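Student: Could we go through this model together, one question at a time?

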Amino acid sequence: MSKDKKNQVSRRQFLNYTLTGVGGFMAAGMLAPMVRFAIDPVLQPDEGGEFVSAKISEEDITTEPKRVAFNVEQVDAWYESTVEKVAWVYKQEDGSIIALDPTCTHLGCFVGWNDNENYPEHFYCPCHDGLYTKDGVNVPNTPPTAPLAVYEHKIENGILYLGKAIPREEA
Amino acid sequence: MLQKIYDWIDERVDITPIWRDIADHEVPEHVNPAHHFSAFVYCFGGLTFFVTVIQILSGMFLTMYYVPDIENAWNSVFYLQQEVAHGQIVRGMHHWGASVVIVMLFLHTLRVFFQGAYKKPRELNWIVGVLLFFVMLALGLTGYLLPWDNKALFATQVTLQIAESVPFIGEDLKILLAGDPEIVGAQTLTRFFAIHVFFLPAALFALMATHFIMIRRQGISGPL
Ligand code: HEM
Ligand code: FES
């Protein structure tokens, strides 16, 4: 038996340790469900983009960007609604289709194609004069810092279907 | 009569020392505007507290009519302002007070800064003050969404973009605030409401208590 008193746990220390342990356990038991409750949205899995019909047939898409409005069924927790989204759709040089999300990458206003006489053949943002070339790439020295996002798309029975808008990295 | 009630309570629970600790102390001459008018700069801290009390009271009364639901929030604010007696005044107190409180807080901070009152031994209270400033800004920010009008919605969209631009945790931080990766909607409103009405006021009370206890301990800084 050790006679070294220093290594012995005194009654007071023992009680301190056990009470801290039990108290910590109880506090954790109370907090854990609440914290998990609060961060639930962060841990929701990314649901893959569902495609919805843009109600435009492939033949009607030309090389000139065209404004296409389409409806998305949006589920916001307990609130379900139909939301209108907009895409600018055209055929690129190689014939492939591209659908641009008009949300300005500066502060989120909506850009329009060719609608400002000072900036022909550009996507123009009226809020702070943001500019993008036809391929949606931001023009340097205007406010936007990244190209316009691109909608996922597919053609089914000759009809254009659009999915999620995927942001593009800084050019 | 009142004296009798007071004595009756005091005899049993000895409240006089508590009262003395809280309120019974001399106001030093150099902070009294009656002696030196320029001492009005010392009032800004108290004015900040005063406006905060208005915010808390008017906010408590607003929640009697307000509902944090995207279908009804705007209507409930419209109703409480247009239809309820004195609704315009109560909402007005909260609406304008939210700006006035920031102005007072700022003036108070300026006074402390330019008088060097933050120096030893009051560094800790400066830190608590900065935290109070952040909590107050956060209250203004979360309250701004609650009327759920266009201005509120777009201001919040910008706010969330700012949160998103934080390195590494930005994306998660935004979802945590908005309740959804893309939508600023039903969950955003309930979250902002909870934060505005419960979480931040709780933090505010704790910080204010610390602030005031430290002031009583250390006293107000001496004349320049
Ligand atoms: C001291 C801190 C506070 C500040 C700076 C503050 C700030 C704000 C702001 C800026 C608004 C938007 C008002 C408008 O646009 O008209 C608001 C709304 C609101 N606040 Fe506060 N608030 C504070 C404390 C509180 C407290 C303690 C409560 C409740 C217990 C509360 C309840 C509400 C409610 C229900 C609304 C929505 C009604 C409306 O918009 O008029 N607030 N707050
Ligand atoms: S939001 Fe488009 S340029 Fe600022």
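The turns below take up a pair of helices and then the contact between two chains.

Tutor: This is a predicted model, in which local features need pLDDT of at least 70 and side-chain atom pairs count only at pLDDT 80 or more, while totals for chains, interfaces and linings use all residues. Residues are numbered from 1 along each chain as its sequence is written, chains are lettered from A and ligands numbered from 1 in the order in which they are written, and side-chain values use heavy atoms, with hydrogens and water left out.

Student: Are helix 3 of chain B and helix 5 of chain B roughly parallel or roughly antiparallel to each other?

Tutor: Helix 3 (residues 43–62) of chain B packs against helix 5 (residues 87–114) of chain B with the axes 8 Å apart and an angle of about 155°. Angles under 35 degrees count as roughly parallel, over 145 as roughly antiparallel, 65 to 115 as roughly perpendicular and the rest as oblique. The two helices of chain B, 3 and 5, are therefore roughly antiparallel.

Student: Which residue of chain B forms a salt bridge with Lys164(A)?

Tutor: A salt bridge here is a side-chain nitrogen of Lys or Arg within 4 Å of a carboxyl oxygen of Asp or Glu. The count between chain A and chain B is one. In the salt bridge of Lys164(A), the closest N and O atoms are 3.8 Å apart, and the partner is Glu182(B).

Student: How many residues does the contact take from chain B?

Tutor: Contact means heavy atoms within 4.5 Å. Chain A gives 14 residues to the contact, and chain B gives 16 residues.

Terms used
Axes are lines fitted to C-alpha atoms, for helices over the stretch in contact, and angles run from 0 to 180 degrees between N-to-C directions. Helices (H or I, at least four residues) and strands (E, at least two) are DSSP runs, numbered from the N terminus.
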